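Please open the model in your viewer and keep the selection tool at hand. The tour proceeds through two pockets and ends at a single residue.

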Amino acid sequence: MKQNVAPKYGQGLTPRQFVEGMTRNQQAFETWYEKFTWEDESDHEYFESLNHRDDLRVLILAADWCGDVVRNVPVVFRILETAGIKTEVLILEEHPEVMDDYLTMGGRAVPIVIFADSGGYVLGHWGPRPEHVQSLMNEFKRENPDREAADYESKITEVRKAMGQAYGEGTESHAVIAKELRALISGF
């Protein structure tokens, strides 16, 4: 894990710039953003209470072609807006060296939400998916390490389907993301 990301401060896009610059999935992204609501008032109050902290910064590794970015980043944006935490988006393809410090089981997966202090020292990170969804991919990769296996593609198609079901049909995962981010930030 990269210990200091300060050199990346100012190199990313604002959340609005990221959305406006999307060439794929912009409408779906904006729909998820608009659908966000606080399901747990204590989470809402917790994130609002962070507005007094000026020591936190967030860098989000993302790409507009990624379904997990489209599903998860709108929620993260809404939560970080409530918290008043300065946020920048780093496009995966433009910052591969940062991505390589945050591999998921040896592979590149986005989004990765990196929390750092104002000096750039990394405090923790979240992503690419809520834990209950990510656990399905982790299990798949442990059981199917050979990407060249004849049945690999059919099996990964099935796990992706299961991951979609784990996300739920609506906004069920939004509260989960809020709880996971709250647990992470509470440790800083």
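Helices, as named here, are DSSP runs of H or I with at least four residues, numbered from the N terminus. The model on display is predicted.

**Stop one: the largest pocket.** Select Arg108, Ala109, Arg129, Met137 and Arg160, which are the closest to the centre of the largest pocket among its 23 lining residues. The space enclosed there amounts to about 510 Å³. Next, colour α6 (131–143) and α7 (152–167), since each of these helices supplies at least two residues of the lining. Helix α7 provides the largest share, with 7 residues. Sorted by class, the lining of this pocket comprises 12 nonpolar, 4 polar and 7 charged residues.

**Stop two: the second largest pocket.** Move the selection to His125, Trp126, Gly127, Pro128 and Glu131, which lie nearest the centre of the second largest pocket. Its volume is about 160 Å³, and 13 residues line it. Strand β4 (122–126) and helix α6 each contribute at least two residues to this lining. By class, the lining holds 6 nonpolar, 4 polar and 3 charged residues.

**Stop three: Asn72.** Select Asn72, which is found in helix α4 (residues 67–83). Is Asn72 buried or exposed? Asn72 has a relative accessible area of 0% and is therefore buried, the cut-off being under 20%. Now display the residues in contact with Asn72, leaving aside neighbours within four places in sequence: Pro111, Trp126, Pro128, Arg129, Pro130, Tyr167 and Ile177. Among these contacts, Trp126 and Pro128 were met at the second stop, and Arg129 at the first.

Key
Residues numbered from 1 in each chain as written. Predicted model: local features only at pLDDT ≥ 70, side-chain atom pairs only at ≥ 80, totals over all residues. Heavy atoms only, no water. 1 Å grid on protein atoms, 1.4 Å probe; cavity = no way out; pocket = protein on both sides within 12 Å on 5 of 7 lines; lining within 4 Å. Points joined across faces, edges and corners; volume = space filled by probe spheres on them. Nonpolar A, V, L, I, M, F, W, Y, C, P; charged D, E, K, R; others polar. Buried < 20%, exposed > 50% of the residue type's maximum accessible area, 1.4 Å probe, protein only. Contact = heavy atoms within 4.5 Å.
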